[in-house]
Structures are given as structure tokens and as C-alpha cells.
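Good morning, everyone, and thank you for making time for this. I would like to walk you slowly through one chain, and I will try to say at each step what we are looking at.

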Amino acid sequence: MGMTLLLDRLDADLRRLFDISLAEYEVLVRLSENDGALRMAQLADAMAHSRSRITHTIARMERAGLVERRTSPEDGRGVIATITDEGMELLRRSAPFHVTGVREYLVDLVAPEDFAAVGRVFDAVADSLVVCHPAIEMRNPPPVE
């Protein structure tokens with residue numbers, strides 16, 4: 001229940017302050033972290049969304065001027081989603097508010113040792129599940145010693 005309430009609150013804040021959903025915010029983040037563009041299939045996999053759902057989300061964002069779609073220059077078949085200047089500006093404005101919300105609604109409420117334990121639990125879950133879908137891996141690789 002706590003996770004649902006947290007995600008609902010973060011989504012409501014983004015909608016109220018910036019007129020975007022949490023999923024749309026995540027699209028902007030994913031694109032910005034990948035040189036501003038990703039194939040639609042990769043974006044869907046990275047967000048663990050169906051291709052249909054990501055297509056509808058991107059269409060909505062395209063109408064708002066936040067992203068653009070274009071044919072892949074690599075093979076002419078795939079579709080690339082690209083963040084626009086307007087989308088990047090919205091991300092720059094909304095990110096501090098989103099981070100503040102995450103801190104206020106989650107990080108500041110939990111003892112560091114509990115937070116570390118949750119991190120270990122979700123790392124174990126991710127290690128197990130990412131094997132089936134390597135494209136969804138979003139964690140940074142461990143440093144080479």
C-alpha cells in the first residue's frame with residue numbers, strides 16, 4: 001500500500017505543478033539519460049511498459065511538444081523518440097520538485113539502515129528479473145577495481 005500511495009502522490013504533484021504524469025516524467029528522464037533519444041521498443045522495455053502503452057504516452061507527449069518521433073536512420077524500420085528543447089526545459093524545471101517529493105515522502109521518513117536493507121532487497125529482485133529482460137537494466141555497473 002505504501003508504494004501505491006507514494007507513486008500516487010508523486011504523480012499528483014507532477015500533474016498539479018507541471019501538467020505531466022509520473023510516467024511522462026520518467027520518459028523525459030530516460031530520454032535525457034540516453035543522449036536525448038531512444039528507440040520506442042527500448043524505451044518500453046526500460047520502463048517495463050507494453051509497446052502499446054509507450055506509443056500512447058509518446059503520442060500524448062508529442063502533441064504537447066515534449067518529444068518527437070522519427071524513423072530510425074539505422075534501419076528505416078524502428079521509431080526513435082527524441083526529447084525536444086521544450087521537453088528538456090520541462091524536465092529541468094520539474095526535476096527539483098520531484099526530487100523534493102521523493103525526499104519528503106520517502107527518504108526523510110526512513111532510517112538509513114532500513115533504507116539500505118530495502119536497497120539490498122530490490123537489488124536481489126532486480127538481479128533475478130533482469131536476466132529475462134536485459135534491456136530493462138538501468139543500474140550503473142559496479143566500479144572496476
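Let me begin, perhaps unexpectedly, with a cysteine: C132 lies in the segment that comes after α6, the helix of residues 112–130. Is C132 buried or exposed? Its relative accessible area is 59%, and because anything over 50% counts as exposed, C132 is exposed. If you look for E24 as well, you will find that C132 and E24 are 108 residues apart along the chain, and that their C-alpha atoms are separated by 25 Å.

Before going further I should say that this is a predicted model, so please keep that in mind for everything that follows.

Let us now step back to the whole chain. It holds six helices and three strands, and if you read the elements from the N terminus on, their order is α-α-β-α-α-β-β-α-α. The C-alpha trace spans about 50 × 40 × 30 Å along its principal axes. The chain has 145 residues, of which 31% count as buried. As for the contacts with a separation of 6 or more, 49% of them are between residues that stand 24 or more positions apart.

The element on which I would like to spend most time is helix α5, which runs over residues 85–105 and so has 21 residues. From its first C-alpha to its last it reaches 30 Å, which is close to the 30 Å expected at 1.5 Å a residue. Where in α5 does a kink lie? You will find it at S94, shortly before the proline P96, and its angle is about 35°. S94 is also one of the buried residues of this helix, together with G87, L90, L91, H98 and G101. The buried residues of α5 pack against two helices, α1 (2–18) and α2 (22–32), and against the strand β3 (79–83).

We can take one of these residues as an example, namely L90, which lies in α5. Its relative accessibility is 6%, and because buried means under 20%, L90 counts as buried. Which residues is L90 in contact with, once its neighbours within four places in sequence are left aside? They are F18, I20, L28 and L66. With R120 we have another pair to look at, since L90 and R120 are 30 residues apart in sequence and 33 Å apart in space, taken from C-alpha to C-alpha. There is also something to see at Y105, where the charged end of R9 sits over the ring, 5.1 Å from its centre.

Let me move to T84, which is found in the loop between β3 and α5. Although it belongs to a loop, T84 is buried, with a relative accessible area of 13%. Its side chain reaches the backbone oxygen of G65 at 2.6 Å. Not counting residues up to four places away in sequence, T84 touches G65, L66, V67 and E68.

G65 brings us to helix α4, as this glycine comes just after α4 and takes a positive phi of about 80°. Helix α4 covers residues 51–63, and its 13 residues should span 18 Å at 1.5 Å a residue, which agrees with the 18 Å between its end C-alpha atoms. Which residues of α4 are buried? They are I54, T57, I58, A59 and M61, and what covers them includes α2, α3 (40–47), β2 (67–71) and β3.

I would like to finish with the backbone angle phi. Most residues other than glycine have a negative phi. Against that background, please look at D19, which has a positive phi of about 60° although it is not a glycine. D19 has its place in the loop between α1 and α2, and with a relative accessible area of 67% it is exposed. D35 likewise is not a glycine, and has a positive phi of about 55°. You can find D35 in the loop between α2 and β1, the strand of residues 37–39, and D35 is exposed, with a relative accessible area of 81%.

That is where I will stop, and I am glad to take questions.

How values were computed. Residues numbered from 1 in each chain as written. Predicted model: local features only at pLDDT ≥ 70, side-chain atom pairs only at ≥ 80, totals over all residues. Heavy atoms only, no water. Helix = DSSP H or I, 4+ residues; strand = E, 2+ residues; numbered from the N terminus. Expected span 1.5 Å × (residues − 1). Bend = angle between axes of the 7 residues up to and from the residue. Buried < 20%, exposed > 50% of the residue type's maximum accessible area, 1.4 Å probe, protein only. Contact = heavy atoms within 4.5 Å. Lys NZ or Arg CZ within 6 Å of the ring centre and 35° of its normal. Polar contact = N/O pair within 3.5 Å; in protein donor to acceptor, adjacent residues only side chain to side chain.
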